[in-house]
Amino acid sequence: MIKNYFKIAWRNLLKNKVYSFINIFGLAIGMAVTITIGLWIADELSYDSYFKNHDRIAQVYQSQTFNGKVGTGPAIPRPLEMTLRESYGSNFKHISMSSWTQSRYLKYQDNSISRQGNFMQESGLEIFEFNILKGEKNGLKETNSIMLSESTAKALFGDADPLGKIVKVNSSDNMIVTSIYKDIPANTTMSDVDFLMPWKYYANAQEWIKNAIDSWGNNSFQMFVQIADNTTMKGVTEKIIDSKKNANDDTAEFNPQIFLLPMNDWHLRSNFENGVQTGGRIESVWLFGIIGSFVLFLACINFMNLSTARSEKRAMEVGIRKAIGSSREQLIKQFLSESLLVVLFAFVVAIILVLLSLNGFNTLASKQIEFPWSNTNFWRFSLIFVLFTALISGSYPALYLSSFNPVKVLKGTFKAGRYSALPRKVLVVVQFTVSVALIIGTLVVMQQIEYSKNRPVGYDKGGLIQIPTMSRDFSGKYDFMRNQFIASGAAIEMSSSSSPTTQIWSNRGGYDWEGKPEGFQEDFAWTEVSYEYVKSLGMKIIEGRDFSREFASDSTAILINRTAVEYMGLTNPVGKFLRDDDEEDPDPPLKIIGVVEDVISQSPYQPVKQGLYVFDRNQNASYYNLRLNPNKSVAENLKIVEKTFKEHFPNLPFQYDFIDEQYALKFAQEERTASLARVFTMLAIFISCLGLFGLASFVAEQRTKEIGVRKVLGATVANLWTLLSKDFVQLVIISLLIATPVAYYVMKQWIQKFSYRTDISWGIFLTAALGALTITLITVSFQSIKAATANPSKSLRTE
């Protein structure tokens, strides 16, 4: 019987090739989109699952209150380590201090490369359990040891055995290679860790790090933990939440709260607002999950509509089957088997489409997803997916077709009825409501991105590059290298800074100034810069003056940004002083000599933070900032800069970044979301149009005789085109009336998360409406005009 079901289903597919193609191809696109999104979601949900104990690993976070507003982040003070070990040690299996991921120059013989890595305690290797390919499992025992990733070892040593070899780090420290570990996968937060070095080396490397061992106010470090087997993340957090406040009374005014952020939340749920976890990447997972479901549903609607639309064509078949004894249950199985056969063909085509598009999708989504041929869970899910799709798409047609009265059908008195088309019209409205809502949502996302891109950044990004200077080779050479680069003709100005232009690496408080409100808790972005910083970046001074070599007193001078003036409540800021409130060992007072326009160094979607630009009297710069010569090509300038660099630093690799490219990275995640949404929206529209084309074709076929009569009686092509198109246009207008308020409400909620946001203009809704109507008319017109221009003599003989 089952064989017979599929045989009949196969014959029906061959008999109606056009409708079969529309059904199979439409479903294939819908299934391909759903499978692709499913692979993307699986990759997102599996993020940070590489390490064995990922569900027991956490990072220590801290929330602090400044003037009633709670800030949250992973920066913690060094003394917290001993507090957790000594007072709360039973709650943890392992605790490890760690630096932030940092760039270092690694050199072996004549080969020099730049890589990123971390400094961590030996216990960190117990927490993360790196996959050791060669050498010791605990490769951080000795102060002068270094562990390398497989790719870094290959780049540095080639095919030679790296174990025991000496690597020179930043041209100064000799480190012995103790271990090689397998590269960490891309869908892991620590994927950029190319080397590991001992915490004890880092802790004694610089004076400020040494001094931080008992400084509760210096939040410059990270801490990772693995909780004990008999505990939970929530339970441990409840115990340690006041650990910092209890250990140090001086921090109580900021109400510090210590808590654990589980590793499973690092990628998906790491956003906090006013101390409350508000989500993060998980929002995109939900978004694309919903889009994938909608696209598949649109494809299923096509199958339902075309199957029920052709009901009169199969009415006689149903009548005869019932007359010779077929039960309704058997007929339902027959129609579901047809649905299953269509879905099976569509699934095969979908897999081919996924394979063909996966590389392009990876590029668009910045992923490294591979097709899971050997993953049994994927194929189990695919089987359920196929059966579910067949059931969703085939259930309504099966129930509808199997309900026909055999007596009426065989007597020839069966008519579908005036309301038989109503369900199809409802489904078309649903299709275009979803499509229009997706169009509006995509346009709003694109508008928000463009609005933020056009926001004044406070400096000139074009023709500006930065060169990292974290090696000791650069120490004390700033003035010399500035003269060399300018003399080469490749740069017209150069400066140095303690952080990159597009980031804030340091924040400070603990200052008093005239007019400071009682109990005010200040928090400033802190950047140490050279004399020429403002000039080289093209920043605008709106009050006062820039740093100048003519004034020796500028060694204790500062520039503040416009936001800082408002934040501090100053009316005439130039000449005012910021004084260190540390009574035991205060730093010299800082004199405000000028006010600069706000510079966007953090998120372009959020307000600019109050900032201090402090003269770098110790020359501890991390970057050179070069303004390239606009009278030469970029390629020529870079060639000269590299030559000059190599003349003075022959042992270091020449490394640079364009500031405008670094700034563009701030929009990368939103632009990827917009690009993916745009692609999926186009496919959703295509699927809807495919179904509309099939329905228009059926309607034109059904009204062939009517069209012939109207034409004989004098109807023009335009009259007939209007007749056949108006019903579809009315359905799209209804879709617009439903989709517009729904999309407006949803996108209004979405856009609220940006402090710097655009208004949702009615132009977006007008564009979506015109686009939907135009697409509808183009889709329907082909069949309408074809039917209207047909020879009426042939049309009247079709019965």
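These legends go with close-up views of a predicted model.

**View 1. Strand S21 sits between S23 and S24 in its bridge pairing, with S21 covering residues 557–561.** Start with the burial: 5 of the 5 residues of S21 are buried, so the strand is largely enclosed by the rest of the structure. Ala557, Leu559 and Asn561 point one way, while Ile558 and Ile560 point the other way. Both sets are buried, Asn561 included.

**View 2. The partners of S21 are one parallel strand and one antiparallel strand.** S23 (residues 590–596) runs parallel to S21, and 5 bridges join the two. To find your place here, look for Leu559, which stands opposite Gly594 in S23. With S24 (residues 611–615), S21 runs antiparallel, and 3 bridges join that pair. Here the residue to look for is Ile560, standing opposite Leu612 in S24.

**View 3. Glu44 and Arg281 form a salt bridge.** The closest N and O atoms are 3.0 Å apart. Glu44 belongs to helix H2 (residues 17–45) and Arg281 to the loop between strand S14 (276–279) and helix H10 (282–309), so the contact ties together parts that are 237 residues apart in sequence. How buried or exposed are the two partners? Glu44 has 0% relative accessibility, so it counts as buried. Arg281 comes in at 11%, and it counts as buried because the cut-off is under 20%. The structure holds 24 salt bridges, by the way.

**View 4. Lys753 and Glu283 meet through their side chains in a salt bridge.** The N to O distance is 3.6 Å. Lys753 is in the loop between helix H23 (717–751) and helix H24 (762–788), and Glu283 is in helix H10, so this pair ties together parts that are 470 residues apart in sequence. Lys753 is partly exposed at 35% relative accessibility, and Glu283 is partly exposed at 36%.

**View 5. Asp479 and Arg549 make a salt bridge within a network.** Their side chains meet at 3.2 Å, N to O. The pair links distant parts of the chain, 70 residues apart: Asp479 is in helix H16 (residues 478–487), and Arg549 is in the loop between strand S20 (541–544) and S21. Asp479 counts as partly exposed at 35% relative accessibility, and so does Arg549 at 42%. Which residues belong to the network? Salt bridges that share partners join Asp479, Arg482, Glu493, Glu532, Lys535 and Arg549.

Methods
Residues numbered from 1 in each chain as written. Predicted model: local features only at pLDDT ≥ 70, side-chain atom pairs only at ≥ 80, totals over all residues. Heavy atoms only, no water. Buried < 20%, exposed > 50% of the residue type's maximum accessible area, 1.4 Å probe, protein only. Helix = DSSP H or I, 4+ residues; strand = E, 2+ residues; numbered from the N terminus. Pairing = 2+ DSSP bridges. Salt bridge = Lys/Arg side-chain N within 4 Å of Asp/Glu carboxyl O.
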